[in-house]
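Me: Please take a close look at the ligand site in this model. I would like the contacts first, then the surroundings, in one connected account.

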Amino acid sequence: MHQPVGPPFSDTLVRRLREADRVAVLTGAGISAESGVPTFRDPDGLWQRFRPEELANVEAFLANPTLVQGWYAHRRALVEDVEPNAGHRALAALERWVTARGGDFLLATQNVDGLHARAGSERLVELHGSLLRSHCIDCAAEADESADARGPLTCQACGGLVRPDVVWFGEQLPEAAFAQAEQAAALADVYLSVGTSAVVYPAAGLPLLARQAGAYVAEVNPTPSDIAGRVSEQVRGTAGEVLPALVAALGGASGIRGQESGGNDG
Ligand code: OAD
């Protein structure tokens, strides 16, 4: 006997989104998994092969700048070679749907891969910075990194070491970006937490803040995150499957499937 297969989310989520004046979203590495970018903590994740303390902090960088620059050059080459997926595009479509109705929308991402912007998201804050930019640690000048440089890359202006514009362990998140994300979480009627294991704070605290402030919080993840027990609804599935279906249920499907990465520069 067949059970009819419905969407993996509730009617309540769809209704709450329809009624919402303010929608906010947090994404993590899982949203980019279907583009072919490895996550950090899944079995084939980046932290299985590399230890964060060896690569993603300033002491590691100063001890071995060539190694750390090389790791980021590798990740940059990887993301430049992939495309945003249906999940990224659905979030851009959700933003258009909310804002067309006069609502507020904010997407806060922990990802540094630039794929949300390439998919057309505009109300976007990058909580952990971006792989696609670099700067000099001495004079702060923006630097142009080339992936095949040998030896440590140095600043053309002052000779200082060049580092990626990402937030490393032990560093503060960009203040304005985090304040914006916090405000959006505190005011949201509906909050979506997508593709994050929710173990790295302060970002992982955003869905909890939203819930405490009264939002309906839905987690989209094939497996339960660290905060799964504290959200309003757990939607089990991949971002690339769930988010287009959710936007379609709102009647905002146009422009997700078949639209090739709006804003893509390459
Ligand atoms: P993680 O690797 O910790 O978690 C990825 C999450 O995505 C897991 O919960 C997976 O179950 C889920 N996932 C996998 N495939 C998915 C799919 N197709 N659709 C939806 N979800 C999927 O990555 P983050 O939570 O982003 O920080 O990690 C947070 C931070 O830890 C990163 O920003 C990075 C890392 O250390 C810094 O580098 C500062």
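Reply: A polar backbone atom of A239 is 2.9 Å from a nitrogen atom of the ligand. This distance, like every other value here, comes from a predicted model. The protein covers 93% of the accessible area that the ligand has on its own, which is 800 Å².

Oxygen atoms of the ligand also have polar partners. One partner is the side chain of N221, where an N or O atom is 2.7 Å from a ligand oxygen. Another is A29, which offers a polar backbone atom at 2.8 Å from an oxygen atom of the ligand. These pairs count as polar contacts because their N or O atoms lie within 3.5 Å. For A29 and A239 the backbone takes part, whereas for N221 the side chain does.

The wider shell comes next. It holds 23 residues around the ligand, and those that come nearest are F40, R41, T196, S197 and N221. N221 therefore appears both in this nearest group and in a polar pair with a ligand oxygen, the pair counting as a polar contact under the 3.5 Å limit. Sorted by class, the shell has 11 polar, nine nonpolar and three charged residues.

The shell is not drawn from one domain alone: domain 1 and domain 2 each supply at least three residues. Domain 1 runs over 8-36, 84-128 and 173-266, and domain 2 over 38-81 and 130-166. By these bounds, A29, T196, S197, N221 and A239 fall in domain 1, while F40 and R41 fall in domain 2.

As both domains line the site, their own arrangement belongs to the picture. Taken over C-alpha atoms, the centres of domain 1 and domain 2 are 27 Å apart. Their contact takes 14 residues from domain 2 and 13 residues from domain 1. About 920 Å² is buried between the two domains, and carbon and sulfur atoms give 59% of that area.

Polar links also cross this interface. Two residue pairs in polar contact are found between domain 1 and domain 2, both at pLDDT 80 or more. On the side of domain 1 that touches domain 2 there are five nonpolar, five polar and three charged residues. One salt bridge is found across the interface. The side chains of E126 and R133 form a salt bridge, with 3.7 Å from N to O; E126 lies within the bounds of domain 1 and R133 within those of domain 2.

Note on methods. Residues numbered from 1 in each chain as written. Predicted model: local features only at pLDDT ≥ 70, side-chain atom pairs only at ≥ 80, totals over all residues. Heavy atoms only, no water. Near = heavy atom within 4 Å. Polar contact = N/O pair within 3.5 Å; in protein donor to acceptor, adjacent residues only side chain to side chain. Areas by Shrake-Rupley, 256 points an atom, 1.4 Å probe, with all protein chains shown as cover. Nonpolar A, V, L, I, M, F, W, Y, C, P; charged D, E, K, R; others polar. Domains from an automatic or database assignment. Contact = heavy atoms within 4.5 Å. Buried area = accessible area lost by both parts, 1.4 Å probe. Salt bridge = Lys/Arg side-chain N within 4 Å of Asp/Glu carboxyl O.
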